[in-house]
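Student: Could you take me through one part of this protein slowly? I would like a close look at the place where the ligand sits, and at what surrounds it.

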Amino acid sequence: MNPFNPFNDDHDLLRQSFREFLQHEVMPNVEQWESEKHCDREMFRKMGQNGYLGVTFPEQYGGSGLDLWAAVVIAEELAYANIGGLAMSLYAHTYLPLPLINAVGTEEQKLRYLAPALCGDKVAALAITEPGAGSDVGGIKSMAKDMGDHYLLNGSKMFITNGTMADFVVAVVRTGDGPYDMSVFIVDTNLPGFKAIPIKNKLGMHTSDTAQLFFEDCKLPKSALLGNIGNGFYYIMNNIQEERLIAAVMGWASAEWALFKGMQYAKDRHAFGRAIGKFQVIRHKLAQMAIKTEACKSMAYRAVYEYLDQGSGAIKIISMAKAFVSEQCQDVINECLQIHGGWGYMEDYGIARAWRDARLMTVGAGTTEVMHEIISKLIVDEVRHKHQLVPHRAAH
Ligand SMILES: Cc1cc2nc3c(=O)[nH]c(=O)nc-3n(C[C@H](O)[C@H](O)[C@H](O)COP(=O)(O)OP(=O)(O)OC[C@H]3O[C@@H](n4cnc5c(N)ncnc54)[C@H](O)[C@@H]3O)c2cc1C
């Protein structure tokens, strides 16, 4: 496989058909959805019916059974459509809760939740963050108590994407007092005691549904437990690698979208008797944006290759890609806005939307600081290991 073009004919066909789908079904509505802060539930059904929700999931549950590069195609095309809110809603459905069900769910759970979610009949959410604990997952307080024939769930979750639309929420909660004594449950949102309050005052990602969730004496059947009791922390740490990988892919493609927009505007806009792209300072800005975009792409693709090879063992490169791409893509989009001058600040060119949506990149799915924390621990171990193998180096 050519590392610079990992896509085969199937991927190219998927890209073409998904791009056409977005052009017909999404692009004409973007401005309206954004201004109304509307998240379109019907879009899940249309995407599911056309096979775009489950490209990497097994065919027996309604997926297409394709490799991870197919998910890369979907993520890139969503980024090129420049509607971050919709992309995030779909991402929070497909890449957050569903891989967990696919990995550790029972056959009954897969038929009841995974299959209808892949065809878009059910919407899913993943709930980890709480009002008092985000990066520090060990600090979550929501608790499910084993009552013999059921679990009794109490607590609250914060900033949950798809929170008010979801038919079920995959929730990570405490099941014991130990620091990482956590388990994962599938919570039907029609259960008595479940409540979702929409959060509307977001900076960006307007076409996404964000909510605070409340569990008040929710009686969960024993069959709601996903995987083994007490393994929740381990499951989500494994699952989050793919989530971060897809975030990095979306980030590089958003940077490329902005680079293209910046180049187009620099050609069309005239000042002082010439196209602004003729000014060296603008040309150099574009060159720097191109370098950053290329670096983001290389990093994201390398992380995909390593993930395909090593699974969640590729944690270092995935964390690096997430940290690097999310910071750099914000820079590229920011420069693109600058090239657009006052028009960049308006809604007319889409760049203002890209700018505010991209701001979430360094916060969601693990902040940049948390990525640095992970990477710094891993490289310290690596360096120590290398110096043990070659003792004379340690002396220098
Ligand atoms: C629009 C939106 C959608 C979201 N969707 C979901 C969702 O679907 N499901 C879900 O579970 N969550 C979701 N989140 C939550 C998101 O994952 C968290 O906001 C994020 O993990 C950061 O947690 P926090 O907000 O509690 O910040 P905190 O963890 O309180 O962090 C605050 C600051 O402290 C820094 N910090 C924290 N710990 C360290 C450390 N050890 N070293 C250095 N610095 C540190 C952070 O980097 C950050 O800058 C969403 C958030 C938003 C805004």
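**Around the ligand**

Tutor: Happy to! Let us start with the kinds of residues: the shell around the ligand is made up of 11 nonpolar, 7 polar and 3 charged residues. Keep in mind as you look that this is a predicted model.

Next, find the residues that come nearest. There are 21 residues around the ligand, and the nearest of them are I128, G134, S135, T367 and E369. Try picking out those five names on the structure before moving on.

Now see which elements they come from. Strand β1 (124-127), strand β3 (150-161) and helix α13 (368-389) each give at least two residues to the shell around the ligand.

Stepping back a little, the protein is assigned three domains: domain 1 (9-118), domain 2 (124-230) and domain 3 (233-391). Two of these matter for our site, as domain 2 and domain 3 each provide at least three residues of the shell around the ligand.

How do those two domains meet? Their centres, taken over C-alpha atoms, are 30 Å apart. Where they touch, 11 residues of domain 2 are in contact with 9 residues of domain 3. On the domain 2 side of that contact, 8 residues are nonpolar, 3 are polar and none is charged. Compare this with the shell around the ligand, where 3 residues are charged.

Let us follow domain 3 (233-391) a bit further, by way of two helices. Helix α8 covers residues 232-268 and helix α10 covers residues 315-339; their axes come within 8 Å and cross at roughly 25 degrees. Angles under 35 degrees count as roughly parallel, and therefore α8 is roughly parallel to α10. The crossing of α8 past α10 is left-handed. Their contact holds 18 nonpolar, 7 polar and 4 charged residues.

For a second pair of helices, turn to domain 1 (9-118). Helix α6 (residues 97-104) packs on helix α7 (residues 107-118) at an angle of about 145 degrees, and the axes lie 10 Å apart. This crossing is left-handed too. You can trace the contact by name: L98, I101 and N102 from α6 meet Q109, K110, Y113, L114 and A117 from α7. By class, that gives 5 nonpolar, 2 polar and 1 charged residues.

To return to your question, the ligand has 21 residues around it, with domain 2 and domain 3 each supplying at least three of them.

Note on methods: Residues are numbered from 1 along each chain as its sequence is written. This is a predicted model: local features need pLDDT of at least 70, side-chain atom pairs count only at pLDDT 80 or more; totals for chains, interfaces and linings use all residues. Axes are lines fitted to C-alpha atoms, for helices over the stretch in contact, and angles run from 0 to 180 degrees between N-to-C directions. Helices (H or I, at least four residues) and strands (E, at least two) are DSSP runs, numbered from the N terminus. Angles under 35 degrees count as roughly parallel, over 145 as roughly antiparallel, 65 to 115 as roughly perpendicular and the rest as oblique. A crossing is left-handed if the near helix is turned anticlockwise from the far one by less than a right angle, and right-handed if clockwise. Ala, Val, Leu, Ile, Met, Phe, Trp, Tyr, Cys and Pro count as nonpolar, Asp, Glu, Lys and Arg as charged, and the others, Gly among them, as polar. A residue is near a molecule or strand if its C-beta atom, placed from the backbone, lies within 6 Å of it. Domain bounds come from an automatic or database domain assignment. Two residues are in contact if their C-beta atoms, placed from the backbone, lie within 7 Å.
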